[in-house]
Amino acid sequence: MKTAIVILNWNGRKMLAEYLPTVIEYSRDEAEIIVADNASTDGSMSWLKETFPQVRQIILDRNYGFAEGYNRALKQVDAEYYVLLNSDVRVTHHWLTPLIEVMDTHTDIAACQPKLLSMRDTDAFEYAGASGGYIDKYGYPFCRGRIFDTVEDDNGQYDNAQEILWATGACLVIRSKDYWEAGGLDGRFFAHNEEIDLCWRLHQTGHRIYCFPESEVYHVGGGTLPKSNPMKTFLNFRNNLTMLYKNLPDEDLHHVMRVRWVLDYLAAFETLILNRKWGDFCAIFRARRAFRRWRHDFDKDRKKLKEEISESKIESHDCGTTFTQDGRRIFSILKEYYIHGHHYYSELPE
């Protein structure tokens with residue numbers, strides 16, 4: 001088929017049992033459905049074979065994480081469009097058609113996402129992607145519908161199709177051609193920030209990323225690692241810094257990294273003093289040490305991206321005056337949120 005829905009599984013039998021039936025019901029006529037398994041030990045694949053034998057399986061020999069797991073699985077998938085779908089997503093009737101139809105007619109769109117709503121509160125956006133993502137000038141991600149821990153109710157305020165900087169990995173539709181030309185997800189990240197890194201690279205080489213809220217799905221979130229988890233904190237900080245190192249323009253790199261040094265250690269002491277989270281405090285220190293140790297492993301990636309930008313001769317997208325040429329918003333989301341009290345996306349400078 002033209003489209004392949006690929007669900008990456010790791011010990012997610014309960015999630016598959018709960019949400020895979022909706023994927024089959026609402027997608028089987030439009031896409032091949034595949035479950036790729038990261039060496040689960042909970043009997044996921046034997047259950048899948050018995051319950052849904054029509055679903056193709058790709059078995060990986062160990063847990064490669066989200067990023068490399070998808071890279072290895074997608075190498076075995078022949079399709080024009082990949083749909084990377086979390087196992088804890090409930091899709092809805094007619095969710096896939098509008099996404100594929102728009103990409104069929106707009107070849108400059110490399111990737112897109114639907115509107116992501118919460119399974120726990122179906123009237124609210126879901127943290128992981130809401131109605132499309134951006135990053136501020138210091139690399140902090142936020143969404144239409146979610147800034148830090150403030151998640152908005154969905155009242156249709158972000159129902160317009162919108163160009164964004166990054167689409168959520170919980171439900172990411174992407175052209176296979178663009179995926180591989182960009183190098184795919186960075187497997188070294190293991191998990192977290194890898195879809196932002198990929199979308200940012202695509203954006204800088206002239207591709208567009210969109211959210212199409214006509215399509216809606218519901219996401220549980222935190223299925224593998226809960227929100228408050230030192231390993232999640234470690235991966236988020238280490239990978240976010242690495243993403244910045246790979247993608248920032250030369251003229252911004254040193255300034256942004258100096259500011260992030262201050263902000264990251266402030267965040268560490270905030271987690272310890274105000275929230276008494278010793279594990280997260282240590283995780284931030286470990287993340288910064290890990291970044292320092294491996295950042296030069298990404299020098300070739302940084303050089304390659306700059307060469308691709310130069311060779312493509314892409315002019316910056318006309319996204320307005322609140323965007324940098326590389327696609328970041330020019331303001332600090334920390335300042336907007338904590339000093340100006342702008343907790344909703346609609347309150348940010350446009």
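A residue counts as buried when its relative accessible area is under 20%. That cut-off will help you through these close-up views of a predicted model.

**View 1. Cysteines without partners.**
Start with Cys171, which is buried because its relative accessible area is 0%, under the 20% limit. The closest cysteine sulfur to that of Cys171 belongs to Cys112, and the gap of 8.3 Å is too far for a bond. In general, a disulfide is a covalent bond between the sulfur atoms of two cysteines. How many disulfides does the count come to? The count is zero. Cys143 is in no disulfide either, as the nearest cysteine sulfur, in Cys211, is 9.4 Å away. Like many a residue you will meet below, Cys143 can be checked against the cut-off: its relative accessible area is 0%, so Cys143 is buried.

**View 2. Gly133 and its surroundings.**
Gly133 sits in strand 7, which covers residues 133–135. Is Gly133 buried or exposed? With a relative accessible area of 0%, Gly133 is buried. Setting aside residues up to four places away in sequence, Gly133 touches Phe142, Cys143, Ile164, Leu165 and Trp166. Arg175 is 42 residues from Gly133 in sequence, and the two C-alpha atoms are 19 Å apart.

**View 3. A tilted pair of rings.**
Look for Phe142 and Phe331, whose ring centres are 6.1 Å apart. Their planes meet at 35°, so the pair is tilted. Phe142 belongs to strand 8 (residues 141–143), while Phe331 lies in the loop between helix 10 (299–312) and helix 11 (333–339). The pair therefore ties together parts that are 189 residues apart in sequence. Phe142 is buried, at 0% relative accessible area, and Phe331 counts as buried too, at 7%. Both belong to one aromatic cluster, formed by Phe125, Tyr134, Phe142, Tyr158, Phe323, Phe331 and Tyr345. The structure as a whole holds 24 aromatic pairs.

**View 4. Helix 7 packed with helix 9.**
Two packed helices are described by the angle between their axes and the distance between the axes. Here helix 7 (residues 230–247) and helix 9 (residues 278–294) pack at about 35°, and their axes are 8 Å apart. The crossing of helix 7 and helix 9 is right-handed. Among the residues making the contact are Phe234, Phe237, Leu241 and Tyr245 of helix 7, together with Ala283, Ala287, Phe291 and Trp294 of helix 9. Sorted by class, the contact has eleven nonpolar, four polar and four charged residues.

**View 5. Helix 3, an enclosed helix.**
Why is helix 3 (residues 65–74) described as largely enclosed by the rest of the structure? Nine of its ten residues are buried, so helix 3 earns that description. The buried residues are Gly65, Phe66, Ala67, Glu68, Gly69, Tyr70, Asn71, Ala73 and Leu74. The cover over them includes strand 1 (3–9), strand 2 (32–37), strand 3 (56–59) and strand 4 (81–85), as well as helix 5 (176–181) and helix 6 (194–204).

**View 6. Leu60, in the loop leading to helix 3.**
Leu60 is placed in the loop between strand 3 and helix 3. At 7% relative accessibility, Leu60 counts as buried. Apart from neighbours within four places in sequence, Leu60 is in contact with Asp37, Asn38, Ala39, Gly69, Arg72, Ala73 and Gln76. Arg175, 115 residues away along the chain, has its C-alpha atom 23 Å from that of Leu60.

**View 7. Tyr344 and its contacts.**
Tyr344 is in the segment after helix 11. Its relative accessible area is 39%, so Tyr344 is partly exposed. Along the sequence, Tyr344 and Arg146 are 198 residues apart, but in space their C-alpha atoms are 7.1 Å apart. Not counting neighbours within four places, Tyr344 makes contact with Ile147, Thr150, Glu152 and Tyr158.

**View 8. Two histidines with positive phi.**
Most residues other than glycine have a negative phi. Yet phi of His94 is near 65°, a positive value. His94 is found in the loop between strand 5 (89–91) and helix 4 (97–105), and at 39% relative accessibility His94 is partly exposed. His192 also has a positive phi, about 85°, although it is not a glycine. You can find His192 in the loop between helix 5 and helix 6.

Conventions: Residues numbered from 1 in each chain as written. Predicted model: local features only at pLDDT ≥ 70, side-chain atom pairs only at ≥ 80, totals over all residues. Heavy atoms only, no water. Disulfide = S-S within 2.5 Å. Buried < 20%, exposed > 50% of the residue type's maximum accessible area, 1.4 Å probe, protein only. Axes fitted to C-alpha atoms, helices over the stretch in contact; angles between N-to-C directions. Helix = DSSP H or I, 4+ residues; strand = E, 2+ residues; numbered from the N terminus. Left-handed = near helix turned anticlockwise from the far one by under 90°. Contact = heavy atoms within 4.5 Å. Nonpolar A, V, L, I, M, F, W, Y, C, P; charged D, E, K, R; others polar. Phe/Tyr/Trp six-rings, centres within 6.5 Å; stacked < 30°, edge-to-face > 60°.
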